[in-house]
Amino acid sequence: MDEAEREAEVPHPGHWEQRLEGVRFAPRNAAGTDYTEADEVELAGMVHLVGMVGAGKSTFMILVAVWAARREIPLRTTLVVGDVAEQLRLCSLFEALDIAVAPVLGTTTREQHVQRLHRRLSARGFDNLLDHDDPGFDLLSTACAVSGLRGVDGDPLQYRDAPCTRLHPEPQRGPAEPESVVLEQWTPDRRNTAPRQAHAPDRLPGRPHGCPLWAECPRHAAARAQVDALIWVANPASLVQSQVPAQLNDERLRQLELACLRSDLIFVDEADSVQMALDRLFTPSGTLVRPDTDSWLDQLNRYKIEELSRRARLPLTDGQVAQWNRALGTVTLAVDPLCALLIKDENLREWADPAYFSPWTLQQSLLDDLFRDVTRRHREGEQYQVEREASAAADMAEDSADLYEGYDDVAHEPGPSPHLALSPARRLLEAAWDAFRDDPFGEGDAADPLTGVFTDTADALLHHMAAGRTRERVRELAGQLVDRVTEEVRAEQPAFTTPPPEPTKDWWDVLCLRLSFLLLLSTLHHRLERLTFLWPHVEAALRLDSQGRELARRVPLDYAPLVPEAPMGNILGYQYLPDGEERDDAGRRGGTLRFFRCAGVGRELLLNLNSLGADPATGRGGPHVVLMSGTSWAGESSRSHVRVPVSLVLKPTDVSLAAVARTSFATRFLYDRDERPMSLSGTPPRDRLAQAVAMARRLGEPGPGGSSVLGQEISRIPETTRRRALILVGSYREAAAVAEALHRFDAWRGKVSALIPDDEAHGSGVPAGTAPGQQDETPTTLRRGDVARFADDDTAEVLVAPLLAVERGHNILNEEGKAAFGTALFLVRPHPRPDDLDLSVFAVNDWLSGMLRDQPRRDTLDGPHTLTELMEKAGSLDEAAGALRQQGRREWRRLLNRRYAYSSLPAWEKRAFAWDQLVTLWQVIGRLVRGGVPARVVFVDAAFSPRLARQLAPGSTGQPSSGTDVPSTDGLLHALAGILDPYLTDRPDTAPPRPDPAARSLVRLLYQPFYNALRTMTHR
């Protein structure tokens, strides 16, 4: 490999022989309790490989792929990496070695990746597009070979409109005229998403044909290369979501299925990150609105207005863009009154259920309440009283399954008259509601006149300005519903001697309020589904970025036989959380409205990857799979811990390990003018930017000796070639604000860069608008895809970046091949948003994966903890499945209703929380120890250890000098040491929570330097 790179004159050779010498293999010993070094390793079945950050996992993956391709009988390998930028880098590497390689790329985001590549090249100084000749453009080509053959003047076909499989024959002009294929101008209007009627005037004739130029079209070069390539390079989304082109395979097939059928080896890099990505993929969710300006819907509306205004609204001439725009307008129109109702009425929030709600669940709840209340009013005397008490007791015990989407195994609790659930009136009302939910805007023909009334009333709630008249229409609709139910009850019940009492005004008000809420929710749901369905079709036309794509993404049904249903069932719904700090005069506060769709346990696809493609009947095995990461064994973490026993460890060299062991931690808290500890974590969203700027000023301003805190920390780095600092914040906005605040100091002017996303429209290595000789007023910017090039700038000393943006995947090295940064300063403590639905998804999926493998967690909850225990208690397989579903729903509701704040979590969830944050911190620190060098980590945010920060305040007398003086139960720093103690100490009162007999050895091999640095931490 080294020789081939020398012959090809590769600008940055890999020095593979030298890197291989630094890789040490340690398979698990026969007893299963430790890992012993060996000269050979066997990759068979499912191999879980871990290694300390910087141990050479990526080197091992690349070397094995090259070895497999160069065998006398080659083996095919698929590499799964984090993003498209890494795919292109690896493809370039293998091409330089003259190995057939192909990237597995999706189609919906290709234009976005092309734009990112152009922007990165522009940021490097290539302002002329003709100079943009990166090889990646060949693999990301968006050219259409037939665009210029249409015989139509004007712009070329848009990327999404290329008729690769949609060419239609020209209409027959005579009996003797043979069928010929013509290239018609393809317009989005002809791709109507709704089924076409046979009489549609613009229907294209004949069946569609594939493009005859596909075999030579540059757009499909990467797909054609897959046929003969010995190495495929994919990312999780492209592998799972993308289809194999129909020109290559007759059957419909996903790339993941084909990769497992054709690959001998599959390497999954950063397996814990892929596990989280798959969980998200199978449970897309998004925050519609929340009490700040960064919610999905607000940002989308702002962007749409700017984009349409900038382009003179020309995109609206596209039929699908116009539909999407109308759908977005309706979603916004429905969300506002919906949230207003939830804010004003606590009883409505309770009725909708704090866990989650959907149009279907609320429809059933409304009808249940209506039939029950009308029936109760027709009962009198002692019997009525007895039945009311019995019904109230039944309501208290009502199973939570009634709040979930319908399943055959869910038995709904009977109301006071069980036969009413199957009554004709109930069936007719449900049919009318179902028809309305399917078409709440009356765009089709309504079979039941009541459905039309639903539609008209919903339209009034959305559009009418006369609030009094709208309330009257809702009241009229409520009266029609009550009349229908009353007629049914009178027909079913014996004749009554006296008429039933009239409902009270409060009862009518509650019914009308719930009815209004359900009508608005149904319209929101319908248009949100439409919005997300059209998203892929308008993404390129409106230049939509990656934000919101999670809501638009739909899980392919191809995986239904392979991926288990979510433990609570495959459901969809909404959740409202009152969490705003702003209050009105009545003391009411806002909240967060979010949407989710559960479609399966995504991580199980990864955990069973080696069985995909296997055929036991014929003896065919699946691919050999290697799961790799430095943090995929993570104790009790629900998101990072991969439940596959670790069979192989990669160890760094003794020299490298000794250097990494010199990594040191320190606290360097900042204080405001009143000597109060400063913290960015926990600051209200509206105040975060101001707080970040204030902390940056404290960090960069000269102290009594003329040196700033930041300058002192950089000067402590012994190697002059590594005297750079990485400042970590919570978001890109905070990164820009902190960088600008530091840039204003003369000592840091021109030395600070802010990391920006690849999709940022503006940004380069030089501040925009700076004239020659003019003093820079803004700091330089660096795109995330170019972060590895930071050290190329000799003047750059400080990079300000979001913590999660540099957590994984990017090695920032200097000319010596060592970590370019000598120190990292955490201005923010890692902590997920408490309302992040991913937290609940990871937890419930981890709960199910553990139960299926009889690996119980150390919780204090009632109920079976393993599948074996559950099966033993059940009388049959059917009962066991039902019990598992009930347990899953119970766990899901608990997770959705819990308050995700460290202080309020039970002990076992605090350990899981600490493991999650340890992984994040250690991954970031891993950027600083590449090449076998020590790192200095400085915790600046007082939230890391609040009590210690108060003790160290200038006016305080307490001055702890080591980590042992950190007050007990104080902050995340103490929690991190606490979760590692059971594995790395021999105290009899501690025992590792994980039953794995090799757990102590794994923690020692993976996290010992982190633990030592915690225990020897210094404070200033």
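A residue is called buried when its relative accessible area is under 20%, exposed when that area is over 50%, and partly exposed in between. By that cut-off R426, at 6% relative accessibility, counts as buried, and the same terms are used below for the other residues of this predicted model. The briefing covers salt bridges, a surface patch of charge, two helices, two residues with positive phi, and two pairs of residues that are far apart along the chain.

**Salt bridges**

- Side chains of opposite charge can pair when their charged atoms come close.
- A salt bridge here is a side-chain nitrogen of Lys or Arg within 4 Å of a carboxyl oxygen of Asp or Glu, and by this rule the count comes to 42 salt bridges.
- R426 forms one of these bridges with D368, and the closest N and O atoms of the two side chains are 2.8 Å apart.
- This pair links distant parts of the chain, since R426 belongs to helix α16 (residues 424–438) and D368 to helix α14 (residues 359–377), with their positions 58 residues apart in the numbering.
- While R426 is buried at 6% relative accessibility, its partner D368 is partly exposed at 33%.
- Helix α14 also holds a pair of its own, in which the side chains of R372 and D369 meet in a salt bridge with an N to O distance of 2.6 Å.
- Because R372 and D369 are three residues apart in helix α14, about one helical turn separates them.
- An α-helix has 3.6 residues a turn, so residues three or four places apart point the same way.
- Both members of this pair are buried, R372 with a relative accessible area of 15% and D369 with a relative accessibility of 14%.
- A further salt bridge joins the side chains of R688 and E734, with 2.6 Å from N to O.
- R688 lies in helix α23 (residues 688–700) and E734 in helix α25 (residues 732–743), so this pair ties together parts of the chain that are 46 residues apart in sequence.
- R688 counts as buried at 18% relative accessibility, and E734 counts as buried at 4%.
- Salt bridges that share partners also join D279, R603, R643 and D846 into one network.

**Negative patch on the surface**

- D792, D793, D794, E815 and E816 gather on the surface in a patch of negative charge.
- Of these residues, D793 is found in the loop between β17 (780–783) and β18 (798–802), where its relative accessible area of 34% makes it partly exposed.

**Two helices that are mostly covered**

- Helix α29 (residues 907–926) has 20 residues and reaches 28 Å from its first C-alpha to its last, which is close to the 28 Å expected at 1.5 Å a residue.
- Since 17 of the 20 residues of α29 are buried, this helix is largely enclosed by the rest of the structure.
- Helix α3 (residues 57–69) has 13 residues that should span 18 Å at 1.5 Å a residue, and its end C-alpha atoms are 19 Å apart, in agreement with that expectation.
- Helix α3 is likewise mostly covered, with eleven of its 13 residues buried, and the buried residues include K57, T59, F60, M61, I62 and L63.

**Positive phi outside glycine**

- H15, a residue other than glycine, has a positive phi near 50 degrees.
- The loop between α1 (2–7) and α2 (16–21) is the place of H15, which is partly exposed with a relative accessible area of 44%.
- D854 is not a glycine either, yet has a positive phi of about 55 degrees.
- D854 is placed in the loop between α26 (837–852) and α27 (867–873), and at 36% relative accessibility counts as partly exposed.

**Contacts between residues distant in sequence**

- L689, in helix α23, has its C-alpha atom 5.9 Å from that of E734, although the two residues are 45 residues apart along the chain.
- L689 counts as partly exposed at 29% relative accessibility, whereas E734 counts as buried at 4%.
- N235 lies in the loop between β7 (231–234) and α8 (236–241) and counts as buried at 10% relative accessibility.
- The C-alpha atoms of N235 and E86 are separated by 8.9 Å, while 149 residues separate the two along the chain.

Terms used:
Residues numbered from 1 in each chain as written. Predicted model: local features only at pLDDT ≥ 70, side-chain atom pairs only at ≥ 80, totals over all residues. Heavy atoms only, no water. Patch = residues over 30% accessible without salt bridge, like charges linked within 9 Å, V, L, I, M, F, W, Y side chains within 5 Å. Areas by Shrake-Rupley, 256 points an atom, 1.4 Å probe, with all protein chains shown as cover. Lys, Arg positive; Asp, Glu negative; His and termini not counted. Charge placed at Lys NZ, Arg CZ, Asp CG, Glu CD. Helix = DSSP H or I, 4+ residues; strand = E, 2+ residues; numbered from the N terminus. Buried < 20%, exposed > 50% of the residue type's maximum accessible area, 1.4 Å probe, protein only. Expected span 1.5 Å × (residues − 1).
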